[in-house]
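I opened a fresh notebook page for a structure I had not met before. Come along and read over my shoulder.

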Amino acid sequence: MRVSACVAVLALASASIWASAAAQEMSANETKGTSISGKWRGSRGLVTKGADGKVVFLYGEVQPSIVCSPLQVCDVELQAGEVVRDVLVGDTVRWKVEPATSGAVGGQAVHLILKPSEPDLVSSMVVTTSRRTYHIQLKSHQTQYMARVGFEYPDEVNQKFAEINARMEATTIPGAGVPAENLNFGYRTSGRARWKPTRVYSDGTKTYIQFPSSFAGQDAPVLFVVSGGENRIVNYRVKGTMMIVDYMVDRAVLVSGVGWKQEKITIKRGG
């Protein structure tokens, strides 16, 4: 009986080892996926120094690795005005995360205070907010730690440049001889065409229809102003990518081509 029992135990152990080995085997896609994720997690990325010794990561470049220490506090500061939805930590027993805020009401920044219970821990944290999702690696060291951590946001920089360019462009509106703030941009276009206008505006006397840069050198569509339920032709001229209409348009139609190849764009003032 004892020999039989030993044989049974060995058989069960072998079956368990075989099942465990089978579970560890990965498909080609699984291997490729873990390799991609591993390279992203292991990339060094850009780390810079911010104000008051803050460690600044470039958001979205790599997975930031934040080093904390027992009996010390790691302060992770998110973007001002960003609302935290969820904080998920792989090891919720030995890593504690507490929220804090700074700044005036309406522009407050959320801080995540990280506290490991012991050194030599490795875990991960996912933070979802009203603007983005943070994927962060957590490590604990006996004595070394990052007291303050923050982020730079490339998309915010691009948005600021776009706003500056828009303001500069608004001060040099082509065709109009009045200040940009006196122009009426309350026009809506509908329809599909390769040359669909990028914007339409009026100075109170004339209407300006701006086409995309690819429009230059092409045959201009014909403009009909809709008045009294009929399409009427009014005086207009084309300079480069700009159509200048000697009329304050309320509703108009741009037409190019004939038959099934015809393209038509409707312009309407006031939405």
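These entries follow the order in which I looked things up.

**Entry 1: the whole chain**

I began by noting that this is a predicted model. I then looked up the secondary structure and found three helices and 19 strands. The protein has 271 residues, and 29% of them count as buried. For the surface, I wrote down about 17100 Å² exposed, with carbon and sulfur atoms supplying 54% of it. I also checked contacts between residues at least 6 apart in sequence: 59% of these join residues at least 24 apart.

**Entry 2: the disulfide**

How many disulfides does a search of the whole structure find? I got one. Cys68 and Cys74 form the disulfide, and their sulfur atoms are 2.4 Å apart. As a reminder to myself, a disulfide is a covalent bond between the sulfur atoms of two cysteines. Next I looked up the handedness: the torsion about the S-S bond of Cys68 and Cys74 is about -135 degrees, so this disulfide is left-handed. Are the two cysteines buried or exposed? Cys68 counts as buried because its relative accessibility is 0%. Cys74 has a relative accessible area of 0%, so Cys74 is buried as well.

**Entry 3: a hairpin**

I turned to strand S12, residues 199-202, and strand S13, residues 207-210. The two pair in the antiparallel sense, over four bridges. Which residue of S13 is the bridge partner of Ser202? I found Thr207 there. Together S12 and S13 make a hairpin, with four residues between them. In the turn I noted Gly204, which has a positive phi of about 100 degrees.

I then asked myself whether the faces of S12 are covered or open, and both are covered. Arg199 and Tyr201 lie on one side, Val200 and Ser202 on the other, and all of them are buried.

Gln210 caught my eye next; its place is in strand S13. Its relative accessible area is 16%, under the 20% cut-off, so Gln210 is buried. The side chain of Gln210 makes a polar contact with the side chain of Arg199, at 2.6 Å. That brings me back to S12, where Arg199 shares a side with Tyr201.

**Entry 4: aromatic rings**

Rings came last. I counted eight aromatic pairs in the structure. Phe57 and Phe151 form a tilted one, 6.3 Å centre to centre with 40 degrees between the planes. Where in the chain do Phe57 and Phe151 sit? Phe57 is in strand S2 (residues 55-58) and Phe151 in strand S10 (residues 148-152). They are 94 residues apart, and the pair links distant parts of the chain. Phe57 is buried because its relative accessible area is 6%. Phe151, at 10% relative accessibility, counts as buried too.

Another pair took me back to the hairpin: Tyr201 and Tyr208 are stacked, 5.3 Å centre to centre with 20 degrees between the planes. I checked their burial as well, and both Tyr201 and Tyr208 are buried.

Finally, I followed the ring pairs onward from Phe57 and Phe151. They link Phe57, Tyr59, Tyr134, Phe151 and Tyr153 into a cluster.

Conventions. Residues are numbered from 1 along each chain as its sequence is written. This is a predicted model: local features need pLDDT of at least 70, side-chain atom pairs count only at pLDDT 80 or more; totals for chains, interfaces and linings use all residues. Side-chain values use heavy atoms; hydrogens and water are left out. Buried means under 20% relative accessible area, exposed over 50%, partly exposed in between (1.4 Å probe, protein chains only). Two strands pair if DSSP finds at least two bridges between them. Contact means heavy atoms within 4.5 Å. Accessible areas come from the Shrake-Rupley method with a 1.4 Å probe; for residues, only the protein chains shown count as cover. A disulfide is a pair of cysteine sulfur atoms within 2.5 Å. A polar contact is a pair of N or O atoms within 3.5 Å; within protein, one must be able to donate a hydrogen and the other to accept it, and residues adjacent in sequence count only if both atoms are side-chain atoms. Rings of Phe, Tyr and Trp (its six-membered ring) pair if their centres lie within 6.5 Å; planes under 30 degrees apart count as stacked, over 60 as edge-to-face and the rest as tilted.
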